[in-house]
Amino acid sequence: MKSIKEVSLESKILKRLEHSKVCTELVNYLFADDELQEMQDYANNVSIKRLGYNDHGPVHMRQVCANSIKMLNLLRDCGIQTSLEKEEIGTFEDSMCAIILAGLMHDLGMMIGRQGHEDMSVILAKSIIERTLMHLFPDNLHKRVVIKSLAIEAIVGHMASKKIHSIEAGIILIADGCDMTKGRARIPMALNKTPKVGDIHKYSANAIERIGIHHGEKKPIRIDIEMSGEVGFFQIEEVLLTKIESSPAKQFVELYAGVQGQEPKCYL
């Protein structure tokens, strides 16, 4: 049974894809995939209950997918081409398909553990990506190869530990970093009361009240972050900013963050 939050995010994702019949079919196919759902649920169990990390399950992966779709649409609205479009190897819709696949599967490797989970995610996601693309494009080998390759680049690159080169993979990297509001830290904070190394990530995430993604004043994408306390700056500077700095999409992003009631700080 899917949670209310999962269903709400699925509705948001579908609304953002109203312009594309193919992308709508893709997400509906993935939302109905029982194996993928079980894998996302188990990844979250390992992340929260076994390892004591934040949410890395179905809600997080849907949120990253939703963030990515919004960012890619903002780029398109400003006339920015994706890497596939620039290289004349694919369409905007192909790029969107790749980030949807990556967004919904980038953390499947948490089923195994934290270390190297981006590589494990590729191994676990590969068969689902292949059968999904065969369902969508049974007669188009070119699309299947290009979209799969781009999705795998985005999955492998979402931790900023490996060099990535496409705008699409760069969007996933930033979108992943943007899912850090206090709701993501709520369960691990409730389950783990004993202080331990790494707790700063939970406490800093718990200080993030709101993240807004919309058109920027000077760049296509503006990210606004509102915090309840200064501990939230750790999450921004050590997690999100690190990912943006490593992203091929950095040039398109403005970043502002501040404590409620105070003037926000401009990072980018």
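**Entry 1: the chain as a whole**

I began with burial: of the 268 residues of the protein chain, 54% count as buried. I note early that this is a predicted model, so my entries describe computed values only.

Next I looked up the overall size. The box filled by the C-alpha atoms is roughly 55 × 40 × 35 Å along the principal axes. For 268 residues, a compact globule would have a radius of gyration near 18 Å, and the protein chain agrees because its value is 18 Å.

I then turned to the contacts. Among those between residues at least 6 apart in sequence, 68% join residues at least 24 apart.

The surface came after that. I found an accessible surface of about 12,000 Å² for the protein chain, with 53% of it belonging to carbon and sulfur atoms.

I also checked the charges. The protein chain has 33 positive and 36 negative charges, and their mean positions lie 3 Å apart.

**Entry 2: the sheet**

How many helices and strands are there in the protein chain? I have 12 helices and 4 strands on my list. The 4 strands form an open sheet in the order 1-2-3-4, and the pairing is mixed. Strand 1 and strand 4 (265-266) stand at the edges with a single partner strand each, so one side of each has no neighbour in the sheet.

I walked through the pairs in order. Strand 1 (residues 208-214) pairs with strand 2 in the antiparallel sense, over 6 bridges. The two are joined by a hairpin through 6 residues. For orientation I marked two positions: Ile-208 stands opposite Met-227 in strand 2, and Ile-211 stands opposite Ile-225, also in strand 2.

In which sense do strand 2 and strand 3 pair? Here I found the parallel sense, with 7 bridges between strand 2 and strand 3 (residues 253-259). My marker for this pair is Glu-226, which stands opposite Gly-258 in strand 3.

For the remaining pair, strand 3 and strand 4 run antiparallel and are joined by 2 bridges. Ala-257 has Lys-265 of strand 4 as its bridge partner. A reminder to myself: strands of a sheet pair through backbone hydrogen bonds, either parallel or antiparallel.

**Entry 3: covered elements**

I wanted to know how well strand 2 is covered. Strand 2 (residues 221-227) has 6 of its 7 residues buried.

Then I tried helix 9 (residues 167-177), where 11 of its 11 residues are buried. I looked at the names on that list and was glad I did: Ile-171, Ile-172, Leu-173 and Ile-174 are among the buried residues, but Glu-168 and Asp-176 are there too.

**Entry 4: two positive phi angles**

Most residues other than glycine have a negative phi. With that in mind, I picked out two residues to look at.

Glu-88 is not a glycine, yet its phi is positive, about 55 degrees. I located Glu-88 in the loop between helix 5 (83-86) and helix 6 (92-105). Is Glu-88 buried or exposed? Glu-88 counts as exposed because its relative accessibility is 74%, and the cut-off for exposed is over 50%.

Ala-160 also has a positive phi, near 65 degrees. I found Ala-160 in the loop between helix 8 (141-156) and helix 9, the helix whose 11 residues are buried. At 23% relative accessibility, Ala-160 counts as partly exposed, since buried would call for under 20%.

**Entry 5: two distances**

Where is Asp-55 found? I traced Asp-55 to the loop between helix 3 (34-50) and helix 4 (58-77). Asp-55 is buried, as its relative accessible area is 11%. I also looked up its separation from Asp-179: the two are 124 residues apart along the chain, and 9.7 Å separates their C-alpha atoms.

My other pair was Met-134 and Ile-4. They are 130 residues apart in sequence, and C-alpha to C-alpha I get 30 Å in space. Met-134 has its place in helix 7 (residues 117-136). With a relative accessible area of 41%, Met-134 is partly exposed.

Key:
Residues are numbered from 1 along each chain as its sequence is written. This is a predicted model: local features need pLDDT of at least 70, side-chain atom pairs count only at pLDDT 80 or more; totals for chains, interfaces and linings use all residues. Side-chain values use heavy atoms; hydrogens and water are left out. The radius of gyration is taken over C-alpha atoms; the globule rule is 2.2 Å times the number of residues to the power 0.38. Buried means under 20% relative accessible area, exposed over 50%, partly exposed in between (1.4 Å probe, protein chains only). Contact means heavy atoms within 4.5 Å. Accessible areas come from the Shrake-Rupley method with a 1.4 Å probe; for residues, only the protein chains shown count as cover. Lys and Arg count as positive and Asp and Glu as negative; His and the chain ends are not counted. The place of a charge is taken as NZ of Lys, CZ of Arg, CG of Asp or CD of Glu. Two strands pair if DSSP finds at least two bridges between them.
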